[in-house]
Amino acid sequence: MKKLISKVISCSIVLSASVSLLAAAATPTVFADSESGKCGDNLTWLYDFDTYTLTITGTGKMYDYSVTTDMFQNELTTAPWGNISFITDVVIDEGITYIGEYAFVSCDYLKNVSLPSSLTEIGNYAFIRSCRLENINLPYGLKKIGNSALMSTAITELTVPETVNEIGYEAFGYVPGLWSGESSRRYPNFTLYGKKGSYVEEYAKNPVSAFVLEPLTFVDISEKPKELNIGDVHRDGIIDAKDATLILSYYAYTSTGGKLSFDEYAKLQS
């Protein structure tokens, strides 16, 4: 009788295990649709596999990174998203003040970068060799652009706000030489926009002090085509929170009986 009970218990255990295995086999595998982690003391990142968008949120500085090489000797960032090959958009949220060194080196499919008004510095080599990058708006309030930060990208024109007072060696408008030892080469049609008398004009026109191989084409921001400045009511070359604040301020002014035109009011506020 004891042997019979023992066999029944054993069969029950085997049957339960079999049912569990069948249930597990019948459960579909669920793949994550995003990946996330930490990239600063108070910063986190999130990559969405559906939209190919990397979003960084939080406050303060991003960590600095370096480069590593894969089995084909391609250079990759050591940032935690370095193993994600298909990033087309990067969104850096308000509150972030610094983009780390080598953070987006060789992001081959990156095309668009959105920067916050809180940003004050772009680190050395931050976007170097992101060869498809063509859209980036540098915010008013930015102070420093590091060495080769936007070198060897698809950017053919760039507006640099007057708040920038330091630009590193070959920060933009150049591509590396084709072979070892060859000097970097200028993009033939690269155009730099900025305010006359600003640091960026000095950078563009004075190669000796600006650490560029030859002068860059510089256009005073007042000469920039109007269609590129839609919404830029401050006329500083970028559309940001300053423009929205001025518009709201003028609305409040006219709502209380103010008679000045928008342009007249804007001049008083500048």
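A polar contact is a pair of N or O atoms within 3.5 Å, where, within protein, one atom must be able to donate a hydrogen and the other to accept it. In this predicted model, the side chain of Asn124 makes such a contact with the side chain of Glu101, at 3.3 Å. Asn124 itself is found in the loop between β10 and β11, the latter spanning residues 135–136. Leaving aside residues up to four places away in sequence, Asn124 touches Glu101, Tyr102, Gly146 and Asn147.

Strand β10, which borders that loop, belongs to an open sheet of 5 strands with the order β4-β8-β10-β12-β14 and parallel pairing. Because β4 and β14 stand at the edges, each with a single partner strand, one side of each is left without a neighbour in the sheet. Within the sheet, β8 and β10 pair in the parallel sense over 2 bridges, and the bridge partner of Tyr98 in β10 is Glu121.

The residue ranges of four strands of this sheet are as follows.

| Strand | Residues |
|---|---|
| β4 | 60–61 |
| β8 | 96–99 |
| β10 | 121–122 |
| β14 | 166–167 |

Turning to the whole protein chain, there are 5 helices and 18 strands, and 37% of its 270 residues count as buried. The accessible surface of the chain comes to about 15,300 Å², of which 56% belongs to carbon and sulfur atoms. Among the contacts in the chain with a separation of 6 or more, residues 24 or more positions apart account for 39%.

Key: Residues numbered from 1 in each chain as written. Predicted model: local features only at pLDDT ≥ 70, side-chain atom pairs only at ≥ 80, totals over all residues. Heavy atoms only, no water. Pairing = 2+ DSSP bridges. Helix = DSSP H or I, 4+ residues; strand = E, 2+ residues; numbered from the N terminus. Buried < 20%, exposed > 50% of the residue type's maximum accessible area, 1.4 Å probe, protein only. Contact = heavy atoms within 4.5 Å. Areas by Shrake-Rupley, 256 points an atom, 1.4 Å probe, with all protein chains shown as cover.
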